Amino acid sequence: MNTQTILKIAASIIIYTLLQVFILRNLVFFDVAFCFVYISVILFLPSTTPTSTALLIAFVTGILVDMFYNTAGLHASAAVMIAFIRGFILKVLFPSRGLENEIVISVEGMGVERFIRYIVILTFIHHTYLFFLEAGTFNFFLNTSLKILASVMFSSIVIFLLHVYLKSLRNS
Amino acid sequence: MSQLLGILYKSRHFFLFLALQIICFYLMSKNNVYWDVSFFNTTNSVVARSLEVSQKTNEFVNLGKVNDQLARENSRLRKQLTDMQEMTSGIPGYKPDSLMAQRFDYTVAKVVGSTHNLTDNFITIDKGTDDGVRAGMGVISPQGVVGQVAYANKKYSRIYSVLHSRQMVSAEVLNAKLRENSTVALGIAKWDGTNPHYVRLNTVDRFKPVAKGDSVVTSLQNPIFPPHVMIGKISEVSNTTSEAFHNISVRLSTDFSSLIYVYVVKNKLIESQQEAETNSGIK
């Protein structure tokens, strides 16, 4: 991991956390569709990142978001969860590739279809974990499920578009 | 032993994951008051300050809505105030009918266009007959008198501003001496067409004690405006002994160049008053 990668990761933590805290926190559609774009930090870590590093980055990002949401530990826990699971998902989606030929996590590197599948799966896991943990019980199962579905759609679209947009900014 | 260590090393990611999750759950548990109170909440100064900034932007974006709400609230309060004032007139032996006391109603309207430096000035507002605005109704602003509705269609109305050559307002001067003598100094305020900050009040009896600085308000004897709405303050009084009237210049309290909200005044009893005045058949 060289300095450039570290700087890139730090920048992405700052950008996505600020976006999340100042803009998307106020953006809730119909009281059910939330957008948690900060998980992009974890989703788009280079695939060569060791799991331990990814876990620590996820924890820091989650704690930062928690401070603004007044929910100590909730987002951190969910973020750590997907950072841990990410490796398995990548293995399942790309069984043929090993460490030698690394996977580039981007539209060009994965193809649009698989890229979207990757985002949606991880977003779904994150949101399911987060909303059920937040609800604390399974008593509001239908309501929580509705929130999860609506939020997964909303978040996935925003994450995808933002990724493509930031990528094009960097290239131009 | 080395095998055991090897297994532990292999699953180090899992142990880190577990450790972090334990920290998270420890933070989440409600028993853990210290962290919750001291660090992880929005009173944390850095967090609080940044949230304040975001809140301020929100406020700025919502200013229009807040203005609307305040204007509506003001019109409601104004209605209550006039009702109260009318109920307690202070004249012994006179008890106003409650229908009479509550005859004034206010509609909030937004100014969409206005002039103030022509000879005949008009103001356009965004309320029309759909909201109960009719030609002839009075219009006031939070600062004072504005004018009278000239024409109303479904959505918009045009208003004769006080700064119109044919617009006149029945006015009254208020001061302590007049109150002591229990007399009323009535007059008609009319714009002379020159300075948009001043109107003339030329029909006040010369023997009424008026002075510079006295308030000029709408009189009790007019069906259009509620009584005692501010018109302005006397800025100059000159009288030559040969004339019957004071020569008074009044500085308007309404700033016509910065009108945003106005209240259209609806007098519910105006028709019956006019009917009594015109159709009684007495010549």
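Helices and strands are taken here as DSSP runs, at least four residues long for helices and at least two for strands, and they are numbered from the N terminus. On that basis, chain B of this predicted model comprises eight helices and 12 strands. Of its 283 residues, 26% count as buried, and among the contacts in chain B between residues at least 6 apart in sequence, 59% join residues at least 24 apart.

**The barrel and the helix across it**

Six strands of chain B close into a barrel, in the order 1-2-5-4-3-12, with antiparallel pairing. Neighbouring strands of this sheet are turned against each other by 45° on average, direction ignored. Within the barrel order, strand 2 is followed by strand 5, and for these two strands of chain B the antiparallel pairing extends over four bridges, with B:S157 in strand 5 serving as the bridge partner of B:I125. Strands 1 and 12 of chain B, which also belong to the barrel, are the two strands across which helix 5 (residues 63-87) of chain B lies. The helix runs at about 140° to strand 1 of chain B.

**Strand 7 and its partners**

Strand 7 (residues 185-190) of chain B is joined by bridges both to strand 6 and to strand 8 of chain B. The antiparallel pairings described for chain B are set out below, with one residue pair for each.

| Strands of chain B | Bridges | One residue pair |
|---|---|---|
| 2 (residues 122-125) and 5 (residues 157-161) | four | B:I125 and B:S157 |
| 6 (residues 168-174) and 7 (residues 185-190) | six | B:V173 and B:A185 |
| 7 (residues 185-190) and 8 (residues 198-201) | two | B:A189 and B:L201 |

In a regular strand the side chains alternate between the two faces of the sheet. In strand 7 of chain B, the covered face carries B:A185, B:G187 and B:A189, whereas B:L186, B:I188 and B:K190 lie on the uncovered face. Two residues of the covered face, B:A185 and B:A189, also appear in the pairings above, since B:A185 stands opposite B:V173 and B:A189 has B:L201 of strand 8 as its bridge partner.

**The side that touches chain A**

Between the chains, 19 residues of chain B are in contact with 16 residues of chain A. The elements that give two or more residues to this side of chain B are helix 2 (12-28), helix 3 (33-38) and helix 4 (45-61) of chain B. Helix 2 of chain B gives the most, with 10 residues. By residue type, the side of chain B that touches chain A divides into 11 nonpolar, six polar and two charged residues.

Technical notes. Residues numbered from 1 in each chain as written. Chains lettered and ligands numbered in written order. Predicted model: local features only at pLDDT ≥ 70, side-chain atom pairs only at ≥ 80, totals over all residues. Buried ≥ 20, exposed ≤ 12 C-beta atoms within 10 Å, placed from the backbone. Pairing = 2+ DSSP bridges. Axes fitted to C-alpha atoms, helices over the stretch in contact; angles between N-to-C directions. Contact = placed C-beta atoms within 7 Å. Nonpolar A, V, L, I, M, F, W, Y, C, P; charged D, E, K, R; others polar.
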